[in-house]
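This report describes selected features of one molecular structure for a reader who is new to the subject. Please keep the sequence and the structure in view while reading.

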Amino acid sequence: MSYLPYAVAIWLLVVGLYGVISSRNLIHMVVCLGVVQSSTYMLLLGVGYRFGAGAPIYYDVPLRTPAVDPVVQALCLTDVVVEATVMAVLLALCVQAHKRFGSLDPERLRPLKG
Amino acid sequence: MTLAAPLAPTLPLIVAAALAGARSFGVPRRVADTLAIATSVTTTALSSSLLIGSTHGPIVYWFGGWRPLPHGIAIGVGFSIDPVGAGLAVLAGTLVTCSLVYSWHYFEDVEALFHTLLLVFLGAMVAFSLTGDLFDLFVFFELMSVGAFVLAGYRVEERGPLQGALNFGVTNTVAAFMILWGIGLIYGRTGALNMAQIGQTLAGRPPDALVAASFLLITCGFFVKAAIFPFHFWIADTHAVAPTPVCILFSGVMIELGLYAIARVYWMCFSGVLHVDAGEVRLMLVVIGSITALVGAVMCFAQHHLKRLLAFSSMSHTGIFLIGISLLSPLGLAGTAVYVLGHAGVKAALFLCVGILLNHFGTVDEVRLQGRGRRLPLVGILYGTGGLALAAAPPFGTFLGGDVISTAADRVGYSWIAVVTLASAILVGGAVLRSAVVVFVGTGRGFDAFYSTRLGDEEPEEPEVRRRLPVFMIAPAILLLVSGAVVGLLPGLASHALQAAAMFEDRSYLAASVLATGAHPPSPSSPAMPALALSDLYHGVGSALGALLVALVAIHRARIPRIIRSAAAPLLTAVHGLRTLQSGDASDYVTWIMVGAACVAIAFTFGLHL
């Protein structure tokens with residue numbers, strides 16, 4: 001068992017969140033959310049990985065052959081689909097902001113406060 | 001029954017897809033309206049049948065028949081339906097029906113797109129409350145969120161809705177990733193995604209850092225959805241810009257679903273492993289809930305934008321709900337359930353009243369509306385009664401629920417909870433009553449130091465100024481307010497809630513039913529509901545009178561002697577400081593989420609016996 005995938009996952013999480021927090025551009029902010037999302041792929045695949053194991057396809061191999069966990073791969077796939085939708089919606093809002101107000105700076109798009 | 005479980009969430013999704021597909025052929029508005037209302041009524045009926053069917057034991061449905069073998073491991077994806085979840089599905093269906101009826105006349109230019117989005121939102125909420133699978137909980141959380149983002153930014157051509165939807169989207173997406181991280185960690189530990197299976201695998205083990213981290217991430221993620229301090233900042237911006245029929249769903253059921261998920265995950269997955277630390281978990285969550293209730297109430301009182309005012313009042317109530325569920329007793333959860341039902345009716349009615357004001361006068365600013373509401377006396381009566389109901393006046397469900405929560409808190413030795421709930425009820429009720437008097441009677445004064453910031457005016461959702469009140473707009477408001485009172489008066493509702501709560505919190509019973517391990521332990525014995533005493537009624541009346549008093553003081557603030565006003569000046573400065581935190585910037589909000597998660601993590605590190 002290696003800690004490397006978890007270290008990478010945490011690194012991606014921290015970097016992505018730093019990006020979201022420090023962002024001054026809406027597209028940049030959404031892309032940083034994408035980076036945070038990649039950390040979840042890393043985590044899930046790291047959880048399911050086994051050294052020396054093959055793909056979880058039992059077509060030509062005996063049933064007892066070790067394989068990586070197929071559940072996390074299904075989770076990753078679902079995660080990709082779900083988050084693609086979220087990113088599409090957020091990016092559409094950004095496009096709308098640029099089209100209507102000519103700016104992607106969240107500072108200039110803030111009628112609401114208090 | 002076997003058909004109702006999968007059909008309840010999928011029917012609205014199928015109709016939504018059909019409506020979206022038929023849009024290019026031009027669906028007449030009334031056809032879309034009728035179809036959407038029929039669908040949501042059917043979903044409500046299906047959910048009600050699930051509610052009735054699950055009162056004597058959970059209904060378990062495995063998709064594709066992937067049921068676990070006896071003493072095997074649950075791999076399939078399933079619903080496990082208990083009365084609390086089914087009740088929330090019924091609530092969601094009812095509120096969606098009300099908002100569809102309300103929008104019959106609401107925006108004239110609405111397209112079938114709006115109905116599609118509402119139905120997707122409904123399907124996701126129903127599935128979220130019924131699912132027994134942790135990963136599905138995340139998937140439906142995201143589906144619900146996407147629908148909600150688009151609905152919040154429905155009038156995307158304006159600056160405000162864009163900002164509100166983006167803030168909502170960014171904060172809730174960060175929350176989703178926290179939840180997914182928590183799920184990944186707990187899957188790594190248990191190899192299971194079915195909540196009952198996770199709980200069964202973890203039960204009896206000593207808690208360790210990984211389990212605590214997973215619980216922390218899942219809880220903090222759902223705190224964002226539930227608008228718990230300091231994860232709450234999106235709530236005001238989003239409510240301020242969302243169309244009124246959408247606001248009632250956000251306040252009435254969506255944020256409550258965030259808390260439901262926390263309670264469900266705690267009881268199904270973590271109660272078996274964290275029970276040694278139950279006292280510490282209880283104290284932490286109750287303190288967080290109390291802070292939320294008080295901060296929300298103060299922020300609510302300082303608003304003059306009526307939708308923001310109501311949004312912060314929802315935040316204050318969600319704090320009380322968190323207190324109720326985190327007492328970790330069936331009585332606390334039962335009180336919360338009654339409170340949620342009563343609150344949903346009352347808060348939805350209040351939002352509909354504000355929507356009527358917006359349609360008539362093109363603004364929801366308390367000061368601009370001063371006295372103009374005199375033309376709408378019926379709306380004024382509804383709005384004022386709603387204010388009394390939020391102040392937990394009898395006979396509303398808010399009174400009964402708050403009373404049961406206080407009793408439950410007393411029993412675990414937290415009698416100070418009664419003071420928190422009383423203070424927040426007085427402030428929230430006082431804020432609504434104050435705006436009711438200003439708008440519908442006309443006394444009061446303009447902007448002064450009390451309202452430290454002014455907001456830009458917002459466009460009416462329907463620009464034409466109406467002369468008469470359409471029955472489709474006022475009827476749902478009356479019905480919802482009456483239902484808020486019925487919840488408090490219905491005999492037996494509270495004891496049924498207590499029975500449901502006892503089942504909800506009995507992990508081993510639920511796990512045995514879901515995993516079909518054969519030997520059913522006896523159905524959890526239902527404890528008796530404590531009877532209402534006369535002193536409780538005095539408590540409720542006193543709270544309503546307190547709210548009235550606070551409202552009158554706020555209206556006649558110019559007549560307060562100078563010496564008292566200068567003594568109160570530091571208080572106003574503190575409130576102003578609190579309001580500047582609400583900066584309107586998604587980056588700041590995410591920073592607060594991180595700060596909040598770090599604080600909870602520190603509390604866990606020192607509080608739990610890891």
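Two residues are said to be in contact if their C-beta atoms, placed from the backbone, lie within 7 Å. The model discussed here is predicted.

**A pair of helices in chain B: α5 and α6**

By that criterion, α5(B) contributes B:Leu134, B:Phe135, B:Phe138, B:Phe141, B:Glu142, B:Ser145, B:Ala148, B:Phe149 and B:Ala152 to its contact with α6(B). On the side of α6(B), the partners are B:Pro161, B:Gly164, B:Ala165, B:Phe168, B:Gly169, B:Asn172, B:Ala176, B:Ile179, B:Leu180 and B:Ile183. Sorted by class, the contact of α5(B) with α6(B) has 14 nonpolar, four polar and one charged residues.

Two packed helices are described by the angle between their axes and the distance between the axes. Helix α5 of chain B covers residues 134-152 and helix α6 of chain B covers residues 159-190; their axes cross at roughly 175° and come within 9 Å. Angles over 145 degrees count as roughly antiparallel, and α5(B) is therefore roughly antiparallel to α6(B).

**The side of chain B that touches chain A**

Which elements give two or more residues to the side of chain B that touches chain A? In total, 41 residues of chain B are in contact with 34 residues of chain A. The elements of chain B that give two or more residues to this side are α5, α6, α9 (234-241) and α22 (586-607). Of these, α6(B) gives the most, with 17 residues. By class, the side of chain B that touches chain A has 20 nonpolar, 15 polar and six charged residues.

**A second pair of helices: α14 and α16**

Helix α14 of chain B (residues 377-390) packs against helix α16 of chain B (residues 417-440) at an angle of about 165°, and their axes are 7 Å apart. The two helices α14(B) and α16(B) are therefore roughly antiparallel to each other. The crossing in which α14(B) passes α16(B) is left-handed. From α14(B), the contact is made by B:Gly380, B:Tyr383, B:Gly384, B:Gly386, B:Gly387, B:Leu388 and B:Leu390. From α16(B), it is made by B:Val428, B:Gly429, B:Val432, B:Leu433, B:Ala436 and B:Phe440. By class, the contact of α14(B) with α16(B) has eight nonpolar, five polar and no charged residues.

**Two paired strands**

Strand β1 of chain B (residues 59-62) and β2(B) run antiparallel and are joined by four bridges. Within this pairing, B:Ile59 stands opposite B:Ile81 in β2(B). Are the residues on the faces of β1(B) buried or exposed? In β1(B), B:Ile59 and B:Tyr61 on one side and B:Val60 and B:Trp62 on the other are all buried. Strand β2 of chain B (residues 78-81) is likewise covered on both faces, with B:Gly78 and B:Ser80 buried on one side and B:Phe79 and B:Ile81 buried on the other.

**Backbone features in two loops**

Most residues other than glycine have a negative phi, and most peptide bonds are trans. The table lists exceptions in chain B.

| Feature | Place | Value |
|---|---|---|
| Cis peptide bond, B:Phe229 to B:Pro230 | B:Pro230: loop between α8 and α9 of chain B | omega near -5° |
| Cis peptide bond, B:Pro394 to B:Pro395 | B:Pro395: loop between α14 and α15 (397-411) of chain B | omega near 5° |
| Positive phi, B:Ala227 | B:Ala227: loop between α8 and α9 of chain B | phi near 60° |
| Positive phi, B:Ala392 | B:Ala392: loop between α14 and α15 of chain B | phi near 60° |

A residue is buried if 20 or more other C-beta atoms lie within 10 Å of its own. B:Ala227 has 31 other C-beta atoms within 10 Å and is therefore buried. B:Ala392 counts as buried because it has 35 C-beta neighbours inside 10 Å.

**Two partly exposed residues**

B:Leu210 is found in helix α8 of chain B (residues 209-225). This residue, B:Leu210, is partly exposed, with 13 other C-beta atoms within 10 Å. Leaving aside neighbours within four places in sequence, B:Leu210 is in contact with B:Leu185 and B:Arg189. From C-alpha to C-alpha, B:Leu210 and B:Leu162 are 38 Å apart in space, and they are 48 residues apart in sequence.

In chain A, A:Val95 lies in helix α3 (residues 70-101). A:Val95 counts as partly exposed because 13 C-beta neighbours lie inside 10 Å. A:Val95 and A:Val30 are 65 residues apart along the chain, and their C-alpha atoms are separated by 12 Å.

Definitions and conventions. Residues numbered from 1 in each chain as written. Chains lettered and ligands numbered in written order. Predicted model: local features only at pLDDT ≥ 70, side-chain atom pairs only at ≥ 80, totals over all residues. Axes fitted to C-alpha atoms, helices over the stretch in contact; angles between N-to-C directions. Parallel < 35°, antiparallel > 145°, perpendicular 65-115°, else oblique. Left-handed = near helix turned anticlockwise from the far one by under 90°. Nonpolar A, V, L, I, M, F, W, Y, C, P; charged D, E, K, R; others polar. Buried ≥ 20, exposed ≤ 12 C-beta atoms within 10 Å, placed from the backbone. Pairing = 2+ DSSP bridges.
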